[in-house]
Amino acid sequence: WPETIQRWRKEGLPDDVPLRSYFQHDMIRFGIDNSLRLPAKILDETPETITRRDANGMTAIYFKNRSGVHKIVDVIIKDRNSWEEYKPLLKADKSRIPRQVREVEAQAKKEGLFFYMRTNAPYVHTWHRVGVEGLLLAMAAEPDWVKDMFAASAKQTIDMVQIALDEGYD
């Protein structure tokens, strides 16, 4: 979190040294869009918080002026029927790869760093769509539904890796 880096800088982390260099990380990653691609929307705002619905249909309250864990207040996928409605939105395509990835790949090669595509595990993708509580309850009550959601997430990731390879990413 930014507050951690600010504290480290006060405690002696040089201002002019990137974290990657300081900690000798040997990799650069890029993320892909694994979302349902729903329109994000700000629903409420106070001086301290912002409530927004994200591209997965999850509504959460976030702190505005400090880092911290957000509070999930609602999700659009609440049951298997709503899952079946939104599941087709997970189709993989090359537009899910950010435009600046070629630049990141070139930077990695220039610096001799390992370049990779970061994806989350099916569990993470799924709780972003149904909420943590919703996922845990579904694991107990509807394991076949959870298997289907995990399988859809895994398929999307595998398809995106193939697209990245087909697009010539190294």
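# Exercises on a predicted model

At 38% relative accessibility, Glu84 counts as partly exposed. That value, like the others below, comes from a predicted model. Let us start from this residue and work outward.

## Exercise 1: A pair within one helix

Find the salt-bridge partner of Glu84, and work out how the two residues are placed in their helix.

*Solution.*
- Step 1. Glu84 forms a salt bridge with Arg80, and their closest N and O atoms are 3.6 Å apart. The cut-off for such a bridge is 4 Å, so this pair qualifies.
- Step 2. Both residues belong to helix H3, which covers residues 80-86. Because they are 4 residues apart there, about one helical turn separates them.
- Step 3. Arg80 has a relative accessible area of 31%, so Arg80 is partly exposed. Glu84, at 38%, is partly exposed too.

## Exercise 2: A pair across the chain

Which residue does Lys94 meet in a salt bridge, and how many residues apart are the two?

*Solution.*
- Step 1. The partner is Glu167, with 3.9 Å between the closest N and O atoms.
- Step 2. This pair links distant parts of the chain, the two residues being 73 residues apart. Lys94 sits in the loop between H3 and helix H4 (101-111), while Glu167 is in the segment after helix H7 (143-166).
- Step 3. Lys94 has 53% relative accessibility and counts as exposed. Glu167, at 33%, is partly exposed.

## Exercise 3: Arg102 and its two contacts

Describe what the side chain of Arg102 meets, and say whether Glu105 is buried or exposed.

*Solution.*
- Step 1. Arg102 and Glu105 meet through their side chains in a salt bridge, 3.2 Å from N to O. Both lie in helix H4, 3 residues apart, which is about one turn of the helix.
- Step 2. The charged end of Arg102 also sits over the ring of Tyr169, 3.8 Å from the ring centre.
- Step 3. Glu105 has a relative accessible area of 6%; the limit for buried is under 20%, so Glu105 is buried. Arg102, at 37%, counts as partly exposed.

For the wider picture, the model has 12 salt bridges by this rule. One network of salt bridges links Asp33, Arg37, Asp93 and Arg96.

## Exercise 4: Reading the sheet

In what order do the strands of the open sheet run, and why is one side of E2 and of E5 left without a neighbour?

*Solution.*
- Step 1. The open sheet has 4 strands in the order E2-E3-E4-E5, with antiparallel pairing.
- Step 2. Strand E2 (41-45) and strand E5 (71-74) stand at the edges. Each has a single partner strand, so one side of each has no neighbour in the sheet.
- Step 3. From one strand to the next, the twist averages 30 degrees.
- Step 4. Now look at one pairing: strand E4 (residues 59-63) and E5 are joined in the antiparallel sense over 3 bridges. Ile61 stands opposite Lys71 in E5.

As background, strands of a sheet pair through backbone hydrogen bonds, either parallel or antiparallel.

## Exercise 5: Aromatic rings

Compare the ring pair Tyr22 and Phe23 with the ring pair Phe30 and Phe115, and classify each.

*Solution.*
- Step 1. The structure holds 5 aromatic pairs. One of them, Tyr22 with Phe23, is edge-to-face, at 5.1 Å centre to centre and with 85 degrees between the planes.
- Step 2. Tyr22 is partly exposed at 43% relative accessibility, and Phe23 is partly exposed at 40%.
- Step 3. The ring centres of Phe30 and Phe115 are 5.2 Å apart and the planes are at 20 degrees, so this pair is stacked. The cut-off for stacked is under 30 degrees.
- Step 4. Phe30 lies in strand E1 (residues 27-31) and Phe115 in strand E6 (residues 114-118), so the pair ties together parts 85 residues apart in sequence. Phe30 and Phe115 are both buried.
- Step 5. Return to Tyr22 and Phe23: ring pairs link them with Trp8 into a cluster.

## Exercise 6: Two short look-ups

Over which ring does the charged end of Arg52 sit, and where is Ile5 found?

*Solution.*
- Step 1. The charged end of Arg52 sits over the ring of Tyr62, 4.0 Å from its centre.
- Step 2. Ile5 is in helix H1 (residues 2-10) and is partly exposed, with a relative accessible area of 29%.
- Step 3. Ile5 and Leu19 are 14 residues apart in sequence, and 8.8 Å separates them in space, C-alpha to C-alpha.

Notes
Residues numbered from 1 in each chain as written. Predicted model: local features only at pLDDT ≥ 70, side-chain atom pairs only at ≥ 80, totals over all residues. Heavy atoms only, no water. Pairing = 2+ DSSP bridges. Axes fitted to C-alpha atoms, helices over the stretch in contact; angles between N-to-C directions. Phe/Tyr/Trp six-rings, centres within 6.5 Å; stacked < 30°, edge-to-face > 60°. Buried < 20%, exposed > 50% of the residue type's maximum accessible area, 1.4 Å probe, protein only. Lys NZ or Arg CZ within 6 Å of the ring centre and 35° of its normal.
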